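This report covers a nonpolar core, a nonpolar surface patch and selected residues of one protein model. The sequence and structure come first.

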Amino acid sequence: MAQQRDRPYTQFNFVVDLGDGVTEGPHAGFQEVSGVGMEITVIEYRNGNAKENSVIKLTGLAKYPDVTFRRGLIGSLNLYNWIDQIRNGDAGALRTVIVQLQNEDHTQIVQEWKMMRARIVKHVSGPLNAKGNDVAVEEMVLAYERLELQ
């Protein structure tokens, strides 16, 4: 699926699927997605009788940072309902969340990030300010167990 080219893609043409298959409309319209990534830990080890006075490095576990999603407050309870499922221990609340980067004319998906076994770990609304001109924003933070790129 990844579409390689000489010029980099712009960052503002993306689609979010929160694991419900919906990528159209305000529920899927996020302003920002940040923090998608992966890290492989390294384990340093040395035998006490090793001839070389240095450690060897072994591949350790993969870790995935939490991802933050921001969107305008639209009066929808879909994020609250999801975090409520998680808070109440619903085993079916884990989802596969997909972020798809599109080309400039929105005709092709050029890269896809798939966050497996994702759950909301934080939901914030606001800030609200009576003297401000900004859009009211809600934010969710996802924790996930595996990342796949396509």
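The text below takes the core, then the surface patch, then a segment residue.

This is a predicted model, in which local features need pLDDT of at least 70, side-chain atom pairs count only at pLDDT 80 or more, and totals for chains, interfaces and linings use all residues. Residues are numbered from 1 along each chain as its sequence is written, and side-chain values use heavy atoms, with hydrogens and water left out.

The largest nonpolar core (buried Ala, Val, Leu, Ile, Met, Phe, Trp, Tyr and Cys residues joined through side-chain atoms within 4.5 Å; buried means under 20% relative accessible area) has 19 residues. Leu18, Phe69, Trp82, Val97, Met115, Met140 and Leu142 touch the most other members. Two or more core residues come from each of strands E5 (67–72), E6 (95–102), E7 (109–125) and E8 (137–143) and from helix H1 (78–87); helices (at least four residues) and strands (at least two) are DSSP runs. Leaving aside residues up to four places away in sequence, Phe69 has contacts (heavy atoms within 4.5 Å) that include Val16, Phe30, Val97, Met115 and Leu142.

On the surface, Ile43, Tyr45, Ile56 and Leu58 make a nonpolar patch of about 360 Å². Strands E3 (39–45) and E4 (56–63) each supply at least two of the patch residues, and Tyr45 is found in E3.

Two residues count as partly exposed, the class between buried and exposed (over 50%):

| Residue | Relative accessible area |
|---|---|
| Tyr45 | 41% |
| Thr10 | 26% |

Thr10 is placed in the segment before strand E1 (14–17). Its C-alpha atom is separated by 8.7 Å from that of Gln102, 92 residues apart along the chain.

Notes
Patch = residues over 30% accessible without salt bridge, like charges linked within 9 Å, V, L, I, M, F, W, Y side chains within 5 Å. Areas by Shrake-Rupley, 256 points an atom, 1.4 Å probe, with all protein chains shown as cover. Salt bridge = Lys/Arg side-chain N within 4 Å of Asp/Glu carboxyl O. Buried < 20%, exposed > 50% of the residue type's maximum accessible area, 1.4 Å probe, protein only.
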